[in-house]
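Visitor: Could you walk me through this structure, a bit at a time? I'd like to start with the strands and then look at some side chains.

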Amino acid sequence: MRNCTAKLLLAGMVAATGLLGGCGGGGQKEAESDVKNAVKAPDPVTLKFYTRTVIDDYEKYVNQYVKKKFPHVTLQVVENKKGSTIEELIAMNDIPDIIWEGVTNLQSVLPLEIAQDLRPLAQKHGLDFGVYDSKLVDSIKSYSKNGEVYYLPYNVLAFALHYNKDIFDKFGVPYPTNNMTWDDVIALGNKLTRTDGTIQYVGLKPPININRLQMQASLPYVDPKTEQALVASEGWKELFETAKRMFPNPLPAPIKSLGDSRNEFTTAKTLAMLPDILLLHNTDMAKLEREGFKWDFVTYPTFKNKPNVGQGLFSDGFILTKASKHQDVAFQVISYLSTDPEVQLGATKDGRITGLKNEDIRKQAFANNELAKGRNTAALLGQSYPVPAPSSVYDRDAASLVNGKLLSFINGSIDVNTALREAQDLVTKKIAEKKSQ
């Protein structure tokens, strides 16, 4: 009886540790061997992490989390510079595993045919794209032909209408408010474009980058099915004419570059309103405030026929390459960084706003930024993304060509019909050139 009881006790102890095997000692040794194998650490893996777009604090936003979650994974950073451009790396057959990139730059990456469709890996590893804002996912898919997902977002960028309080106060004009249309803001800007002594003040002057208005208006450059240019449409004409009204007439000086407006707002302080990426993201506004700059922001202006529809998706995030020999591990790394609540909350508090639908995280946007306190950042996040326009592999070239013609139109060297006709011809020629290559 005692032997039977002892055997039962021994069996219970073995079962409790998951080692129950045969009555003989050989079964127990096999079970112990299985446990050793089960807890064996994963083999070390090195992933090349290519920063095609600059990341301001790689250690803080990426590496510290990867080291904690995946101690067997080492990220080898490869910078985008002469000798290691993505084209040069492809030529050397030294393609990285992960590319840190802005989502709009998919237009230049996808033609290289190195990006991996993430849908099969997402299904394999249990990532539901429904955790993200649905319009965000739609925007990512708009860069593909058949709904492929080539990108996971780390963060999204907010846009705002910034304004210089001193200029408004100087001329006794009320400050802008949330939910204004472009027409409202243009009318407000006209009241502030004036000369005071030797100083020329300008009411409104957006950075010249056509893709911002194009995305907000959901206008395609090219029909992806027929591969025909679409930039001579009535929609584009209305967009060009609206864009020109955003600038003083006549212009105090020709518009030269994207940076003109930002410099005039933050340095010269002669620009009353700047619609742009929220300056809290990447500009030292604290230094400007210490120097006496009085400013604030409201929601990005909208088109009157698209109420509450803000700027299109601008994001930093990840591309996984087909050439990676460790796709499962690489996908686990980027999906973790893209969706983990701890990672996303930390980034969001710093102003790298999550693309997740998680409102508890989103409402913490800029919590670590002293300048955000007392300012209505929540209103900026309340705007919805526009419906993404159909995208094509020719869009990046088309945007550059159309942008050049818009600049000529705004500067008054050509009329709107000529600008659109010439843009249409240039895009058509570029498509033919690309096809011939």
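**Strands, helices and a few side chains**

Guide: In strand β3, W100 is the bridge partner of T51. Please keep in mind that this is a predicted model. The strands concerned are β1 (residues 45-51) and β3 (residues 98-102), which run parallel and are joined by three bridges.

Visitor: What is the strand order in the open sheet, and is the pairing mixed or uniform?

Guide: The open sheet has five strands, arranged in the order β2-β1-β3-β10-β4, and the pairing is mixed. At its edges lie β2 (73-79) and β4 (152-156), each of which pairs on one side only. On average, and ignoring direction, neighbouring strands of this sheet are turned by 25 degrees against each other.

Visitor: Which strands does α3 lie across, and which ones does α14 touch?

Guide: Helix α3 lies across β1, β2 and β4, and runs at about 150 degrees to β2. Helix α14 packs on the sheet and touches β1, β2, β3, β4 and β10 (315-320), with its direction at about 165 degrees to that of β10.

Visitor: And at what angle do the axes of α3 and α14 cross?

Guide: The axes of α3 (residues 58-69) and α14 (residues 327-339) cross at roughly 115 degrees and come within 11 Å, and α3 passes α14 in a right-handed crossing. On the α3 side, Y61, V62, Y65, V66 and K69 meet V333, Y336 and L337 of α14. Sorted by class, this contact of α3 with α14 has seven nonpolar residues, one charged residue and no polar ones.

Visitor: Moving on to E342, which residues does it touch further off in sequence?

Guide: Leaving out residues up to four places away in sequence, E342 touches Y65 and K68. The side chains of E342 and K68 make a polar contact at 2.9 Å. E342 itself sits in helix α15 (residues 341-349).

Visitor: Why does E342 count as partly exposed?

Guide: Its relative accessible area is 44%, and partly exposed covers the range between under 20%, which is buried, and over 50%, which is exposed.

Visitor: What about R375, buried or exposed?

Guide: R375 counts as buried, because its relative accessibility is 16% and the cut-off for buried is under 20%. R375 is placed in the loop between α16 (359-362) and α17 (377-381). Apart from its neighbours within four places in sequence, R375 is in contact with E289, W295, D296 and F297. In the case of W295, the backbone oxygen lies 2.9 Å from a polar atom of the R375 side chain.

Visitor: Changing topic again, how far apart in sequence and in space are Q424 and V231?

Guide: Q424 and V231 are 193 residues apart in sequence, yet their C-alpha atoms are 5.6 Å apart in space. A polar atom of the Q424 side chain lies 3.0 Å from the backbone nitrogen of V231. Q424, which lies in helix α19 (residues 416-436), touches A229, L230, V231 and A232 once residues up to four places away in sequence are set aside.

Visitor: One last thing, how many residues lie between β6 and β7 in their hairpin?

Guide: Two residues lie between them, and G197 in the turn has a positive phi of about 65 degrees. Strands β6 (residues 194-196) and β7 (residues 199-204) pair in the antiparallel sense over three bridges, with R194 opposite Y201 in β7. Strand β7 also pairs with β8 (residues 271-277), in the parallel sense and over two bridges, and there L204 stands opposite M273 in β8.

Terms used: Residues numbered from 1 in each chain as written. Predicted model: local features only at pLDDT ≥ 70, side-chain atom pairs only at ≥ 80, totals over all residues. Heavy atoms only, no water. Pairing = 2+ DSSP bridges. Helix = DSSP H or I, 4+ residues; strand = E, 2+ residues; numbered from the N terminus. Axes fitted to C-alpha atoms, helices over the stretch in contact; angles between N-to-C directions. Left-handed = near helix turned anticlockwise from the far one by under 90°. Contact = heavy atoms within 4.5 Å. Nonpolar A, V, L, I, M, F, W, Y, C, P; charged D, E, K, R; others polar. Buried < 20%, exposed > 50% of the residue type's maximum accessible area, 1.4 Å probe, protein only. Polar contact = N/O pair within 3.5 Å; in protein donor to acceptor, adjacent residues only side chain to side chain.
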